Amino acid sequence: MVSQTRKRILILLSVVVILFLLVRYVFFNGSLEDSQTYRRAPGAPVIVTVFYEALCPDSKHFITKQLIPAFKEASILMDTRLVPYGKASTMTNPDGTFRFDCQHGQVECEANTYHACTIEAVQEPQARLDMIACMIRDNRLPKDALHKCAKQHNIDNVDLIQKCFDSSHGSELLKLNGDLTHALRPSITFIPTITLDGYQGKQALILKNLLAEICKIAGDNEKADEICGQHS
């Protein structure tokens with residue numbers, strides 16, 4: 001009788017411990033589904049990943065009104081990664097090449113590809129963001145936007161970007177962006193979606209005040225304290 005009672009107590013304690021660990025995980029990580037977070041080294045920049053579409057008004061607003069100002073003020077705190085694709089779908093042709101169906105039509109597929117090629121070709125972070133922000137302001141004629149923005153921001157490898165778009169490489173880049181987008185957990189329901197260190201967090205707050213949300217997780221270091229003191 002005593003052994004049975006002890007066994008039940010042990011089982012109950014085990015259940016309590018498991019429940020405690022689950023509650024603790026959800027409290028600190030936000031969701032059991034969000035498995036793409038990682039531990040950032042002390043002092044390392046926050047990885048800001050923007051999943052967007054080239055013809056999406058909300059994407060344009062976020063990039064021009066939140067991402068660009070935040071990066072200009074706090075680039076040292078940010079490792080910015082751009083993923084143009086959004087609510088698109090990828091299909092494979094019989095010859096192994098790819099075709100895409102984009103939320104805002106074929107022009108957006110072309111614009112997304114130009115963005116993907118530009119992101120790969122322009123290595124300097126500020127110049128890359130300036131190019132993307134410039135292009136997304138008016139992407140109805142994606143090729144014209146590329147050449148206009150390259151001239152405006154002194155990008156001299158525009159021929160390389162055009163070659164990427166004209167070749168299968170541009171489609172391959174866009175396909176990879178689609179893989180990244182579809183792999184997000186929780187799955188995307190709104191564009192743009194932004195992750196900070198792989199975690200989607202509270203999207204409404206990130207979309208409204210990106211820098212403030214970065215500051216919440218940037219960690220304790222002199223540069224973060226100096227920048228974030230104005231946003232606490």
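**Exercise 1.** In this predicted model, determine in which sense strands β3 and β4 pair, and over how many bridges.

*Solution.* Begin with the two segments, strand β3 at residues 89-92 and strand β4 at residues 98-101, which pair in the antiparallel sense over 4 bridges. To fix the register, take T90, which stands opposite F100 in β4. Then look at the connection: β3 and β4 form a hairpin with 5 residues between them, and G96 in the turn has a positive phi of about 90°.

**Exercise 2.** Describe how helices α3 and α5 pack, and identify which residues meet.

*Solution.* The first step is the geometry, in which helix α3 (residues 106-121) and helix α5 (residues 142-152) pack at an angle of about 30°, with their axes 9 Å apart. Angles under 35 degrees count as roughly parallel, and α3 and α5 are therefore roughly parallel to each other. The second step is the contact itself, where V107, E110, A111, Y114 and T118 in α3 meet P142, K143 and L146 in α5. Sorted by class, this contact of α3 with α5 has 5 nonpolar, 1 polar and 2 charged residues.

**Exercise 3.** Decide whether T113 is buried or exposed, and list what T113 touches.

*Solution.* T113 lies in helix α3. The cut-off for a buried residue is under 20% relative accessible area, so T113, at 7% relative accessibility, counts as buried. Not counting residues up to four places away in sequence, T113 touches F165, G170, S171 and L174.

**Exercise 4.** Establish how many residues of helix α9 are buried, and what covers them.

*Solution.* Helix α9 spans residues 210-217, and 6 of its 8 residues are buried, so α9 is largely enclosed by the rest of the structure. The buried residues are L210, L211, A212, E213, I214 and C215. Their cover includes β1 (46-52), α2 (57-74), β2 (78-84), β5 (193-196), α8 (203-208) and α10 (222-228). Just after α9, G219 takes a positive phi of about 90°.

**Exercise 5.** Characterise the largest nonpolar core, and find which element gives the most to it.

*Solution.* The largest nonpolar core has 30 residues, and those with the most contacts inside it are V48, I63, L67, M78 and L210. The elements that give two or more residues to this core are β1, α2, β2, α4 (125-137), β5, α9 and α10, while α2 gives the most, with 7 residues. As a local probe, consider I63, which, leaving aside its neighbours within four places in sequence, is in contact with Y52, I68, P69, I132, A133 and I136. A second, separate core of 17 residues includes C117, A150, I155 and C164.

Methods
Residues numbered from 1 in each chain as written. Predicted model: local features only at pLDDT ≥ 70, side-chain atom pairs only at ≥ 80, totals over all residues. Heavy atoms only, no water. Axes fitted to C-alpha atoms, helices over the stretch in contact; angles between N-to-C directions. Parallel < 35°, antiparallel > 145°, perpendicular 65-115°, else oblique. Contact = heavy atoms within 4.5 Å. Nonpolar A, V, L, I, M, F, W, Y, C, P; charged D, E, K, R; others polar. Buried < 20%, exposed > 50% of the residue type's maximum accessible area, 1.4 Å probe, protein only. Pairing = 2+ DSSP bridges. Core = buried A, V, L, I, M, F, W, Y, C linked by side-chain atoms within 4.5 Å.
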